[in-house]
Amino acid sequence: MKFSYCFDSHIHSDNSPDGNNTVSHICESAVEKGLQGITITDHCEVNLFYKDLYDRTVRQSCFEVSKAASVFKDFIGIFLGIELGQPLQDIAAAEKALTLGRFDFVIASLHNVRGQPDFYYINYNKENVYDLLDGYYNELLQMAMWNEFDVLGHLTYPLRYIIGEHGISVDMSRYDKIIDEIFTVLIKNGKGIEINTSGLRQKIGVTLPDEKYIKRYHDLGGQILTIGSDAHNANDVGAGIQEGMEIAYNAGFRHITLFKNRTPIRLPIYPEKMDE
Ligand SMILES: [Zn+2]
Ligand SMILES: [Zn+2]
């Protein structure tokens with residue numbers, strides 16, 4: 001059965017330091033691939049907001065995405081998002097970033113625990129992984145409570161490196177309780193999580209988070225679920241979205257979510273089952 005929509009909620013342009021293609025190139029690729037819509041969510045690493053000139057790149061992203069929305073409007077929906085990294089590490093800068101554009105969608109992510117480098121740069125060993133993960137989930141819970149976002153990004157981000165790149169196995173059951181707490185806060189506040197499909201293209205080979213956590217979020221009453229490729233180049237736009245829809249369905253969801261003007265819009269996963 002064919003899915004109703006193909007919508008990619010998490011994409012980086014070259015207005016992110018690690019993004020490779022222009023906004024217009026990304027939009028062209030999305031149209032070619034037959035997507036109905038995309039949200040461009042360039043990085044704003046809040047702890048480096050002024051040092052790395054995010055105040056300027058965020059504005060540039062807003063400018064280009066707004067222009068693209070108008071140019072491509074007869075072909076595809078283009079939405080303006082932002083991926084706020086580590087918002088609690090400089091709350092004033094996070095609040096400032098959110099005033100720089102009329103965002104449709106805000107992802108809050110944690111790429112480094114306070115005082116530590118990005119998980120990408122860490123040398124992992126059996127001794128330090130649990131300290132890092134303890135710090136990660138504690139700060140993620142605080143972020144959930146902060147509540148100035150729409151979804152929490154890639155809930156299992158450190159595993160991309162710990163398991164995927166370094167091959168260190170982790171007993172994630174240690175975090176079941178705190179992840180339940182995070183879900184409970186999100187659900188109470190009407191916030192969501194994402195299925196980040198980048199893991200499917202990487203060594204870890206599963207979405208971030210994987211189906212087990214999507215199902216747990218659903219079973220606790222979660223309703224807001226976005227799906228994004230986390231593409232950093234035009235080729236990867238839309239990658240894994242179909243698989244993400246399948247995972248959402250298997251976990252119990254009958255709708256996925258996109259955001260417009262910071263407001264959730266429910267999209268049925270299968271057109272035939274819209275009444276469920
Ligand atoms: Zn991220
Ligand atoms: Zn991202």
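This is a short walk through one protein, from its overall build to a few charged side chains.

Hi everyone, thanks for coming. One thing before we start: the model is predicted, so please keep that in mind throughout.

Let's begin with the whole chain. The protein has eight helices and nine strands. Along the principal axes, its C-alpha trace spans about 55 × 45 × 35 Å. For 276 residues, a compact globule would have a radius of gyration near 19 Å, and the 17 Å found here agrees with that. Of those 276 residues, 56% are buried. If you take the contacts with a separation of 6 or more, 74% of them join residues 24 or more positions apart. As for the surface, the protein exposes about 12,000 Å², with carbon and sulfur atoms supplying 48% of that area.

Now to the charges. How many salt bridges does a search of the whole structure find? It finds eight, and I'd like to show you three of them.

The first on my list is R160 with D230, where the N to O distance is 3.8 Å. R160 sits in helix α5, residues 157–165, while D230 is in the loop between β7 and α8, so this pair ties together parts that are 70 residues apart in sequence. Both R160 and D230 are buried.

Next come R201 and D236, whose closest N and O atoms are 3.4 Å apart. This pair also links distant parts of the chain: R201 belongs to the loop between β6 and α7, D236 to the loop between β7 and α8, and 35 residues separate them. R201 is partly exposed, at a relative accessible area of 33%, and D236 is partly exposed as well, at 21%.

The third is D219 with K215, at 2.8 Å from N to O. Here the two residues are four apart in helix α7, which puts about one helical turn between them. D219 has a relative accessible area of 44% and is partly exposed; K215, at 38%, also counts as partly exposed.

That brings me to E139, in helix α4, which covers residues 129–146. What is the nearest side chain of opposite charge to E139? It is R114, 4.8 Å away, and E139 is buried without any salt bridge. The cut-off is 4 Å, so a pair at that distance does not count as one. The E139 side chain does reach R114 in another way, though: it comes to 3.0 Å from the backbone nitrogen of R114. Leaving out residues up to four places away in sequence, E139 touches L88, Q89, L110, N112, V113 and R114.

Two loop residues to finish. N125 lies in the loop between β4 and α4, and its relative accessibility of 33% makes it partly exposed. A polar atom of the N125 side chain lies 2.8 Å from the backbone nitrogen of E127. The C-alpha atoms of N125 and G167 are 9.9 Å apart, with those positions 42 residues apart along the chain.

T22 is in the loop between β1 and α1. T22 is partly exposed too, with a relative accessible area of 36%. Beyond residues up to four places away in sequence, T22 touches S13 and D14. The C-alpha atoms of T22 and L132 are separated by 34 Å, and the two residues are 110 apart along the chain.

That's my tour. Thanks for listening, and I'm happy to take questions.

Technical notes:
Residues numbered from 1 in each chain as written. Chains lettered and ligands numbered in written order. Predicted model: local features only at pLDDT ≥ 70, side-chain atom pairs only at ≥ 80, totals over all residues. Heavy atoms only, no water. Buried < 20%, exposed > 50% of the residue type's maximum accessible area, 1.4 Å probe, protein only. Lys, Arg positive; Asp, Glu negative; His and termini not counted. Polar contact = N/O pair within 3.5 Å; in protein donor to acceptor, adjacent residues only side chain to side chain. Contact = heavy atoms within 4.5 Å. Rg over C-alpha atoms; globule rule 2.2 N^0.38 Å. Areas by Shrake-Rupley, 256 points an atom, 1.4 Å probe, with all protein chains shown as cover.
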